[in-house]
Amino acid sequence: MPPRIPIRVALPRFAAINCSPSLLLPHIPQRGIKYGWSTAPPRSKHKRFNQPSAGLPALTTGPAAALKRRENTTPLRTGVLAIKKGMTSIFQGKTRVVCTVLQMDQVQVIANKTREKHGYWAVQIGLGARQGRNVTSPMLGYYEAKGIAPKAELAEFKVRDQEGLLPVGAQLLPDWFQLGQHVDVRARSRGMGFAGGMKRHGFAGQEASHGNSKNHRTIGSTGPSQGGGSRVIPGKKMPGRMGNEFRTVQNLKVLKVDNELGVVLVSGPIPGPKGRIVRLQDSKKRKAPALPYRVKALEQLDERQPGLQEKLEQARLRHLEMQAQRQAHVAEV
Amino acid sequence: MNAAVARQSMGCLKAALRRTRYQKTWQRCLATEAASPSTASITKNAYSQRQHMDKQKVSKFQIWPQVPSPRATHPDPMPTLKQQEIARLDPTGARTRLFSRDHADSAKVGDVLMVTTKAGEPFSGAFIQMRRRGVDTAILLRGQLMKTGVETWFKIYSPTVTGIDIIWRKPKRARRARLTFMRKPKHDMGSVDNLVSAWKKERYALRSKAKQGGGKQIRR
């Protein structure tokens, strides 16, 4: 069967022939000074007067101000990715403490983000492993340049300043966390699927009897009628998808760390089912581990994996080589 | 007469239909049997288009070796962790043995147990139910306080539980895992104080006998 010729392609558009560009403009008045548009030249360059040397108070908005504002609540050190393995309990003295077991599987530093280049300080962390065939070409090139095997999961952890950045390729083990320190755990909650108003938002529902007919768990009215706008206000709580959204549990205590098993035990429950990938980082509302411990942890990183910088350099060179090969191959084809 | 004939003919039709149906399935079986081995032998060693593309893609990149993973050595850390905690709380393994399934002389539901805690008086009652959860393994005892039925859960590995004794063994094995029927007035065991006092008396007698025996040995 021959391919069908699209009939409409050849026909010229009516508007393209007859209308000049000015006629194509919408008839709604949207072009004018009060809509934020003017033909006049800009009246001044306000940045000229807002320099730090002008003797004005520091700006309270903008990227620098935002970083300053968040300084105290940004952790000093990077967090890690882990997999929720289940819950158990341990006895501390007489008291029984329930805890969640998190396994850190091949947690590595992938990249650092800097204030100069990206606008903030952060560490990119990877977890687990992925087969090369299940990774896209751009990402394969990314890992190639880092000298790291493809990861199952990537995440970014903001840190306060330059001190928090780590050497690329360093593997973080559970003793990155100090026994007894506090961490914030962030994970997606269990997905509940499409849920009604009673389950999703805790609505009261309707009565079982007194003439009620087939409306026992419905949400009822969604707003006033004529006079109240005759519309449903945006954000009205209604039935819909419930769960599977990021939830943070703050200030969980680290009860146990085990490098051999690769586990961190934190007190209490955390969101999500077993097997969920979670993010844990030093608590933003509690004190970070003391300076000697932080220094020791960094020293241990160096001891366990010496020469990370050289490895990275080698990987970069290898990446350039492979890139040239790929480009040559493309040119041939 | 007419009706019977009609029924007979219907029966014939039914049988004939059944026969054709069987034949059909038989043919279908043969057809698939004949077709499957030839296709399988061709595709077994060949890559699909997609697999080929994947291999080609991967071959263009350097893939670096992986760092050591605890997932390889300990895919599931939970049993190990539970065992570690049990070993810490019960170094002699006495508690594990007392409630193990493998020993005939372990405590079984239906027995009367006495749990001594650091907190206060020992609590004794019928062993109604057991919840086996590794370190969190717990037992439910139903006793009586001030003529009121009282049930209490005890974590068997808890450091606050200093001792668990079997006061009385049920002569016949309980045929339920959970003896919830013992809450009903008809089956309620009521107070177990008489059993406890009998057990204490017996134990006292045994102890004194042992002492006497020991004394004799010293004399010799």
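What follows is a walk through a predicted model of two chains, A and B, starting with a barrel and ending with a few exposed spots.

In chain A, a good place to begin is the barrel. Six strands close up on one another in the order E1-E2-E10-E9-E6-E11, and the pairing is antiparallel. Strands that sit side by side in this sheet are turned against each other by 45 degrees on average, with direction ignored. In general, the strands of a sheet pair through backbone hydrogen bonds, either parallel or antiparallel. One pairing can be picked out for a closer look: strand E9 (residues 246-258) and strand E10 (residues 263-267) of chain A run antiparallel and are joined by four bridges. Here Val257(A) stands opposite Val264(A), the latter belonging to E10(A).

Val264(A) turns up again in the largest nonpolar core, a set of 44 residues. Together with Val80(A), Ala82(A), Leu102(A), Ile125(A) and Val266(A), Val264(A) touches the most other members of that core. E1(A) provides the largest share of the core, with five residues. Leu102(A) shows what such a position looks like from the inside. Setting aside neighbours within four places in sequence, Leu102(A) is in contact with Ala82(A), Ile83(A), Lys84(A) and Lys85(A), and also with Val263(A), Val264(A), Val266(A), Val278(A) and Leu280(A). There is a second, separate core too, made of 19 residues, and among its members are Met114(B), Val115(B), Ile164(B) and Leu179(B).

Those last names lead over to chain B. Chain B has six helices and five strands. Read from the N terminus, its elements go α-α-α-α-α-β-β-β-β-β-α. Of the 220 residues in chain B, 14% are buried. As for contacts within chain B between residues at least 6 apart in sequence, 52% of them join residues at least 24 apart.

The two chains also meet each other. Chain A brings 31 residues to the contact and chain B brings 29 residues. On the chain A side, strand E1 (80-92), strand E2 (95-103), helix H5 (137-146) and helix H8 (308-332) each supply at least two residues. E1(A) gives the most to this side, with six residues. By type, the chain A side that touches chain B splits into 11 nonpolar, 12 polar and eight charged residues. From the other chain, helix H4 (residues 78-89) of chain B lies across E1, E2 and E10 of chain A, and the helix runs at about 25 degrees to E1(A).

Away from these parts, helix H7 (residues 291-304) of chain A makes a simple check on geometry. At 1.5 Å a residue, its 14 residues should span 20 Å, and the C-alpha atoms at its ends are indeed 20 Å apart, so the two agree. None of this helix is tucked away: the number of buried residues in H7(A) is zero, so the helix lies largely in the open.

Finally, two lysines have backbones worth a look. Phi of Lys214(A) is near 55 degrees, a positive value in a residue other than glycine. Lys214(A) is found in the loop between helix H6 (197-201) and strand E8 (240-243) of chain A, and counts as exposed because 7 C-beta neighbours lie inside 10 Å. In chain B, Lys147(B) has a phi near 60 degrees, again positive in a residue that is not glycine. Lys147(B) sits in the loop between strand E3 (138-145) and strand E4 (148-155) of chain B, and with 7 other C-beta atoms within 10 Å, Lys147(B) is exposed.

Technical notes:
Residues numbered from 1 in each chain as written. Chains lettered and ligands numbered in written order. Predicted model: local features only at pLDDT ≥ 70, side-chain atom pairs only at ≥ 80, totals over all residues. Contact = placed C-beta atoms within 7 Å. Nonpolar A, V, L, I, M, F, W, Y, C, P; charged D, E, K, R; others polar. Expected span 1.5 Å × (residues − 1). Buried ≥ 20, exposed ≤ 12 C-beta atoms within 10 Å, placed from the backbone. Core = buried A, V, L, I, M, F, W, Y, C linked by C-beta atoms within 7 Å. Pairing = 2+ DSSP bridges. Axes fitted to C-alpha atoms, helices over the stretch in contact; angles between N-to-C directions.
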